[in-house]
Amino acid sequence: MIVDFYEKPGCHLCEDAAPLVVAEAAAAGAELRRHNILADAQLQVRYGELIPVVVIDGEQHSTWFVDQARLRNALG
C-alpha cells in the first residue's frame, strides 16, 4: 500500500495532519511518500488550494483535514 501526502512548508493544516499520516502509515506498514507541492508546478496547480491531500494507492482519500479514525480504517 502506498500513501502519498501532499503538503507545503508553512501550511498549518499540513503541520497538523503530518504526524497523523506518518503514524497511521507506519502502523499499517504502508509506504509513505511526502510531496512538497512547491517543488513541482503541476502539483501546485493540482493541489494548491486543497492541501494537505492524502492519496492511498492512487485514490484521493482526504483534503484539508485528515480524520485519524477514517484514515486508519482506510489503511486497515
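Start where helix 1 ends: right after it comes Gly29, and its phi is positive, near 75°. Keep in mind that what you're looking at is a predicted model.

**Helix 1**

Now walk back along the helix itself. Helix 1 covers residues 12–28, which makes 17 residues. From its first C-alpha to its last, the helix reaches 25 Å, close to the 24 Å expected at 1.5 Å a residue. It does have a bend, though: look at Ala18, where the helix turns by about 30°. A proline, Pro19, follows within four residues.

Which residues of helix 1 are buried? They are Leu13, Cys14, Ala17, Ala18, Val21, Glu24 and Ala25. Try following their numbers with this rule in mind: an α-helix has 3.6 residues a turn, so residues three or four places apart point the same way. So what do the buried residues of helix 1 pack against? Their partners are strand 1 (2–7), strand 2 (31–36), strand 3 (53–56) and helix 3 (68–75).

**The sheet**

Next, the strands. There are 4 of them in an open sheet, in the order 2-1-3-4, and the pairing is mixed. Strand 2 and strand 4 (59–63) are the edge strands, each pairing on one side only. From one strand to the next, the twist averages 20°. Helix 1 packs on this sheet, where it touches strand 1, strand 2 and strand 3. The direction of helix 1 makes about 170° with that of strand 1.

**A closer look at strand 3**

How do strand 1 and strand 3 run, parallel or antiparallel? They run antiparallel, joined by 4 bridges. Strand 3 and strand 4 also pair in the antiparallel sense, again over 4 bridges. Here are some of the residue partners you can pick out:

| Residue | Partner |
|---|---|
| Asp4 | Val55 in strand 3 |
| Val55 | Gln60 in strand 4 |
| Val53 | Thr63 in strand 4 |

Notice that Val55 turns up twice, as the bridge partner of Asp4 and as that of Gln60.

Is strand 3 covered on one face or on both? Both faces are covered: Val53 and Val55 are buried on one side, and Val54 and Ile56 are buried on the other.

Finally, follow strand 3 into strand 4. The two form a hairpin with 2 residues between the strands, and Asp57 there takes a positive phi near 45°. That gives you another positive phi to set beside the one at Gly29, near 75°.

How values were computed: Residues numbered from 1 in each chain as written. Predicted model: local features only at pLDDT ≥ 70, side-chain atom pairs only at ≥ 80, totals over all residues. Heavy atoms only, no water. Expected span 1.5 Å × (residues − 1). Bend = angle between axes of the 7 residues up to and from the residue. Buried < 20%, exposed > 50% of the residue type's maximum accessible area, 1.4 Å probe, protein only. Contact = heavy atoms within 4.5 Å. Pairing = 2+ DSSP bridges. Axes fitted to C-alpha atoms, helices over the stretch in contact; angles between N-to-C directions.
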